[in-house]
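Hi,

Here is the structure I promised to pass on to you. Have a look at it first, and then read my notes below.

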Amino acid sequence: METVRGKSGTIHFDGQRCIHSRNCPSGAIRYEPVDGSPGESAPLVNTVCLRENGPLAIHAPLVVADKNEGFRATLCRCGASKRKPFCDGSHSAAGFAASGEAAAKDSQPLPRRDGPLVIEPTPDGPLHVRGSLEVVTGTGKTINRTVECWLCRCGQSRNKPYCDGSHKAAGFRSGESGRTGG
């Protein structure tokens with residue numbers, strides 16, 4: 001973690017979270033005002049954006065594997081990251097291919113579009129997501145609204161971004177220990 005203090009605020013940079021995108025969807029860069037005013041605030045709408053041939057970019061008040069992770073994170077969906085459940089950029093070297101423009105599902109507007117989003121990486125399986133969430137394409141089109149879903153993180157699902165059980169046949173290993181989930 002690198003920290004730079006200035007007159008009006010402090011910038012924190014966590015290089016392990018950085019995926020080197022044009023903007024920071026990973027939460028690697030965070031800002032804290034020195035005057036005590038709030039820094040980054042929770043979004044009005046929780047979203048997961050499908051990055052073309054890349055990770056899941058999530059913007060919400062996040063709890064991942066029982067740990068508060070701020071408001072932004074990029075989670076692996078190729079299965080190759082050495083920092084699962086987080087993306088480490090391995091999708092490029094692995095040749096991961098997944099459209100950022102998945103098909104829309106019939107869904108109704110959510111009564112609440114914000115609030116905590118709990119993500120539980122299941123052992124050797126998908127990400128179990130609970131809380132209000134809008135699934136958004138790489139071009140910003142909302143394709144699903146849900147309060148619970150299972151997102152693929154092995155890279156093998158034929159129903160990306162959702163899990164279809166392919167992780168079992170593929171022998172996916174999450175490499176995480178001490179995680180809970182179903």
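Let's start with Asp114, which is partly exposed because its relative accessibility is 29%. Keep in mind that this is a predicted model. Asp114 makes a salt bridge with Arg112, and their closest N and O atoms are 2.7 Å apart. Arg112 is partly exposed too, at a relative accessible area of 49%.

How many salt bridges does the count come to? The answer is six, and the pair you just met is one of them. The idea behind them is simple: side chains of opposite charge can pair when their charged atoms come close.

Another salt bridge to find on your screen joins Arg72 and Glu40, with 2.9 Å between the closest N and O atoms. Arg72 belongs to strand E8 (residues 72–75), while Glu40 is in the loop between E3 and strand E4 (47–50), so this pair ties together parts that are 32 residues apart in sequence. Arg72 is buried, with 14% relative accessibility, and Glu40 is partly exposed at 34%.

Then there is Asp164, whose side chain meets that of Arg158 in a salt bridge, at 3.8 Å from N to O. Is Arg158 buried or exposed? Arg158 is exposed, with a relative accessibility of 72%; Asp164 is partly exposed at 32%.

One more charged residue to look up is Lys105. Its charged end sits over the ring of Tyr162, 4.6 Å from the ring's centre. As for pairs of aromatic rings, the count comes to zero.

Now the cysteines. The structure has zero disulfides. Cys78 is in no disulfide, and the nearest cysteine sulfur, in Cys76, is 3.7 Å away. Cys78 is also buried, at a relative accessible area of 13%. And why is Cys154 not bonded to Cys152? The sulfur of Cys152 is the closest cysteine sulfur to that of Cys154, but at 3.8 Å it is too far for a bond, because a disulfide needs the two sulfur atoms within 2.5 Å. Cys154 counts as buried, with 7% relative accessibility.

On to the strands. A quick reminder: strands of a sheet pair through backbone hydrogen bonds, either parallel or antiparallel. One open sheet has three strands in the order E1-E2-E3, with antiparallel pairing. Strand E1 (2–5) and strand E3 (29–33) are at its edges, each pairing on one side only. On average, neighbouring strands here are turned by 15° against each other, if you ignore direction. Strand E2 (residues 9–13) pairs with E3 over five bridges, and you can spot Phe13 standing opposite Ile29 in E3.

The other strand to look at is E9 (residues 117–121). Four of its five residues are buried, so E9 is largely enclosed by the rest of the structure. Strand E6 (residues 62–64) runs parallel to E9 and is joined to it by three bridges; there, Val64 has Ile119 as its bridge partner. With strand E10 (residues 127–136), E9 pairs in the antiparallel sense over four bridges, and Val118 is partnered with Arg130 in E10. The hairpin of E9 and E10 has five residues between the strands, and Asp124 there takes a positive phi near 55°.

Shout if you can't find something on the screen!

Cheers

Notes:
Residues numbered from 1 in each chain as written. Predicted model: local features only at pLDDT ≥ 70, side-chain atom pairs only at ≥ 80, totals over all residues. Heavy atoms only, no water. Pairing = 2+ DSSP bridges. Helix = DSSP H or I, 4+ residues; strand = E, 2+ residues; numbered from the N terminus. Axes fitted to C-alpha atoms, helices over the stretch in contact; angles between N-to-C directions. Buried < 20%, exposed > 50% of the residue type's maximum accessible area, 1.4 Å probe, protein only. Phe/Tyr/Trp six-rings, centres within 6.5 Å; stacked < 30°, edge-to-face > 60°. Lys NZ or Arg CZ within 6 Å of the ring centre and 35° of its normal. Salt bridge = Lys/Arg side-chain N within 4 Å of Asp/Glu carboxyl O.
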